[in-house]
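Welcome! Take a look at the sequence and the 3D structure below, and then we can walk through some of the side chains together.

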Amino acid sequence: MNRSNAAPAGIGGRACLALALLLGLGSLAHAQPLTPVEAAYPESLAEAARLVVERIEITGAARTSTALALAAAGIAAGDPASPEAIFAAAERLRESHLFRDVQVHTRRGSAPGLVVVVFAVRENRPHLRLGLGYEDFSGWYLIPVQLNMDNASGRGEGLSLNTRLGYRVGGVDLTLRRPGLQASRNFWEVRLRAEGQDRVYFLDSTEVRHHLERSALDLRFGRRLSRTFSADAWVSFENTEADSSAEVYQDRAAQDRQRGDEVPFADLPYEIQRDLHRRSQSRVGLALVLDRSSGTVLGSRGVRGRVSTEGAFS
């Protein structure tokens, strides 16, 4: 996926936001000259730390509701208006993938000590890419369609479609997910995969090709247990099946074999024959996640941990 989100501001941005909060009027990028009203605002960082969010505004959101955006940001009226808290809220909004760009600035509230926080956002739009790849077993392949449609309906869901097509491989991968935002304790993901692949190997000095088909269904469900703990469980079903025969991959005149000739099951090596049956595997897992971190991605601090277990059944 390719998402273009604004990078978190650095030290200079933090200093500018702190100045904006001290004055009760400003932005992350520019500080305005003092006016007589602004001169009455706190003049120390200790006093600025006591500033309070009066209200929050979301500008540029055409599909996404303000309630959903605020839930993703995790900030509300009455919360402390420290630079750290505002930067962390902006980073959470970026990480929610509701929008392709998020900027934040502040301005003076209706009274000293109050701050209005403004998130300027740009809605996501369908994103289509093309590509080219290579794998040892599959060779070169083309990615004719890679489509991302995060938050297409304005309800927070994510949809991605990936395809690849090559001389020896072809497949599709479809994922639909709903992230867990601050106001929604449940999250889930459904993923469907299907692929056909030709495996090439040598048999009696002849290069042959054997066709394999794979399909899989992955389901994941989770729930936020508290502000710091969440749990998720998943179940996966995967099937693999190979053709009962192979075919000649390259002409072999010395053995009177031409490309496309069938290699029957009886002529295949025993190691290949014993694996030519349908294989199914199911996996079930459970995880407990602890997240007590705060701040932005580049300046986060705190504790993060994950404990998981998984069982596989054939």
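## A charge over a ring

A charge sits over a ring if NZ of Lys or CZ of Arg is within 6 Å of the ring centre and within 35 degrees of the ring normal. Here, Arg-164 lies over the face of Tyr-141, at 4.7 Å from the ring centre.

A word on what you are viewing: this is a predicted model, in which local features need pLDDT of at least 70 and side-chain atom pairs count only at pLDDT 80 or more, while totals for chains, interfaces and linings use all residues. Residues are numbered from 1 along each chain as its sequence is written, and side-chain values use heavy atoms, with hydrogens and water left out.

## Salt bridges between strands

Side chains of opposite charge can pair when their charged atoms come close. Counting a salt bridge as a side-chain nitrogen of Lys or Arg within 4 Å of a carboxyl oxygen of Asp or Glu, the model has 18 salt bridges. Strands (E, at least two residues) are DSSP runs, numbered from the N terminus.

Let us return to Arg-164. This residue forms a salt bridge with Glu-135, and the closest N and O atoms are 3.1 Å apart. Glu-135 belongs to strand S5 and Arg-164 to strand S7 (residues 158-166), so the pair ties together parts that are 29 residues apart in sequence. For accessibility, buried means under 20% relative accessible area, exposed over 50%, and partly exposed in between (1.4 Å probe, protein chains only). Arg-164 is buried at 16%, whereas Glu-135 is partly exposed at 31%.

## Two more pairs and a network

Arg-193 and Asp-218 form a salt bridge too, with their closest N and O atoms 2.9 Å apart. Arg-193 is in strand S9 (residues 186-203) and Asp-218 in strand S10 (residues 206-224), so this pair links distant parts of the chain, 25 residues apart. Arg-193 is partly exposed, at 26% relative accessibility, and Asp-218 is buried, at 15%. Elsewhere, Arg-55, Glu-57 and Arg-107 are joined into one network by salt bridges that share partners.

Within that network, the closest N and O atoms of Arg-107 and Glu-57 are 2.6 Å apart. Arg-107 lies in strand S3 (residues 99-108) and Glu-57 in strand S2 (residues 52-59), so their salt bridge ties together parts that are 50 residues apart in sequence. Both count as partly exposed, Arg-107 at 29% and Glu-57 at 22%.

## A nonpolar patch on the surface

Which residues form a nonpolar patch on the surface? They are Leu-132, Tyr-134, Trp-140 and Leu-142, with about 490 Å² of accessible area together. Such a patch is made of residues with over 30% relative accessible area and no salt bridge, with nonpolar side chains (Val, Leu, Ile, Met, Phe, Trp, Tyr) joined within 5 Å. The areas come from the Shrake-Rupley method with a 1.4 Å probe. Strand S5 (127-135) and strand S6 (139-148) each supply at least two residues of the patch.

Rings of Phe, Tyr and Trp (its six-membered ring) pair if their centres lie within 6.5 Å; planes under 30 degrees apart count as stacked, over 60 as edge-to-face and the rest as tilted. The model has one aromatic pair. The rings of Tyr-134 and Trp-140 have centres 5.0 Å apart and planes at 55°, so the pair is tilted. Tyr-134 is partly exposed at 46%, while Trp-140 is exposed at 57%.

Note on methods
Patch = residues over 30% accessible without salt bridge, like charges linked within 9 Å, V, L, I, M, F, W, Y side chains within 5 Å. Helix = DSSP H or I, 4+ residues; strand = E, 2+ residues; numbered from the N terminus.
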